[in-house]
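Visitor: I'm new to this structure and would like a close look at a single part of it. Could you pick one helix and walk me through what surrounds it?

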Amino acid sequence: MRDGDPVPEWLTDMDKEILEVLSSGLVLTPSIISENIGRSRKGVSNRINSLQAGELVEKIDRGKYRITDEGRLVWDSLDGEKYRYRRLDVTERKMIQRDLGVSLEEYHQEVGEEYERLQNQEHEVEEHDDLLNVAFERAEERLREENK
């Protein structure tokens, strides 16, 4: 750690993602953490060992960890927004894959194509409707039908 800075120099982006998940106060396994941040379980386990050595995470029981007071101090001093957004992106990707059967990129492509169709056929959409919202709704409906 640098003078006055609670963030250790060795802290990686994955460490910050792990701290973000653990900052909820829950006791979690590396498997659950990896699921939430979109990283491998083995990679998370390796980084938890480093976080534990740095006293930012503590082992509660066999394979169960939680953030320490020092870890919370480090997390609170970080600008955690980008790590929250990354985790939300991972969650969104998993939900789209599970619910619609396509990748996030394919989903966005479908929405884009539907938006273009709507722009060319304005009479199908009520004036007060937002074309982009309608495009998202129709693309989701079509993808759900295709994946039944």
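Guide: Let's take helix α1 and its neighbours, and then look briefly at a few other spots in the chain.

Keep in mind that this is a predicted model. For orientation, the chain has seven helices and two strands. Starting at the N terminus, the order of elements is α-α-α-β-β-α-α-α-α. The chain has 148 residues, and 33% of them count as buried.

Now to α1, which spans residues 13–22. This helix is mostly covered, with nine of its ten residues buried. The buried ones are Met14, Asp15, Lys16, Glu17, Ile18, Leu19, Glu20, Val21 and Leu22. As you can see, that list includes charged residues such as Asp15 and Lys16.

What packs against α1? One partner is helix α2, residues 30–37. The two axes are 10 Å apart and meet at an angle of about 105°. Angles from 65 to 115 degrees count as roughly perpendicular, so that is how α1 and α2 lie to each other. On the α1 side, the contact is made by Met14, Glu17, Ile18, Val21 and Leu22. On the α2 side, Ile33, Asn36 and Ile37 take part. Sort the residues of this contact by class and you get six nonpolar, one polar and one charged.

Another partner is helix α4, residues 69–77. Here the axes of α1 and α4 come within 10 Å and cross at roughly 110°. That makes α1 roughly perpendicular to α4 as well. From α1, the residues involved are Lys16, Leu19, Glu20 and Leu22. From α4, they are Gly71, Arg72, Val74 and Trp75. This contact divides into four nonpolar, one polar and three charged residues. Notice Leu22, which is listed in the contact with α2 and again in the contact with α4.

Let's stay with α4 for a moment. Its residues Gly71, Val74 and Trp75 are buried. These three cover an arc of only 100° around the axis, so they sit on the same side of α4. Gly71, Val74 and Trp75 are also among the residues that touch α1. Go round to the face of α4 turned away from its buried side, and you'll find the exposed residues Asp69 and Asp76.

That's the neighbourhood of α1, so here are the other spots.

The structure holds one aromatic pair. Tyr107 and Phe136 form this pair, which is tilted, with 5.9 Å from centre to centre and 50° between the planes. Tyr107 belongs to helix α6 (residues 104–120) and Phe136 to helix α7 (residues 131–146), so the pair links parts of the chain 29 residues apart. Tyr107 counts as buried, at 5% relative accessibility, while Phe136 is partly exposed at 27%.

Finally, look at Ser103, in the loop between α5 (81–100) and α6. With a relative accessible area of 22%, Ser103 is partly exposed. Leaving aside residues up to four places away in sequence, Ser103 touches Ile96 and Gln97. Ser103 and Arg93 are ten residues apart in sequence, and their C-alpha atoms are 6.7 Å apart in space.

For the chain as a whole, take the contacts between residues at least 6 apart in sequence: 56% of them join residues at least 24 apart.

Key. Residues are numbered from 1 along each chain as its sequence is written. This is a predicted model: local features need pLDDT of at least 70, side-chain atom pairs count only at pLDDT 80 or more; totals for chains, interfaces and linings use all residues. Side-chain values use heavy atoms; hydrogens and water are left out. Axes are lines fitted to C-alpha atoms, for helices over the stretch in contact, and angles run from 0 to 180 degrees between N-to-C directions. Helices (H or I, at least four residues) and strands (E, at least two) are DSSP runs, numbered from the N terminus. Angles under 35 degrees count as roughly parallel, over 145 as roughly antiparallel, 65 to 115 as roughly perpendicular and the rest as oblique. Contact means heavy atoms within 4.5 Å. Rings of Phe, Tyr and Trp (its six-membered ring) pair if their centres lie within 6.5 Å; planes under 30 degrees apart count as stacked, over 60 as edge-to-face and the rest as tilted. Buried means under 20% relative accessible area, exposed over 50%, partly exposed in between (1.4 Å probe, protein chains only). The arc is that of the directions from the helix axis to the C-beta atoms.
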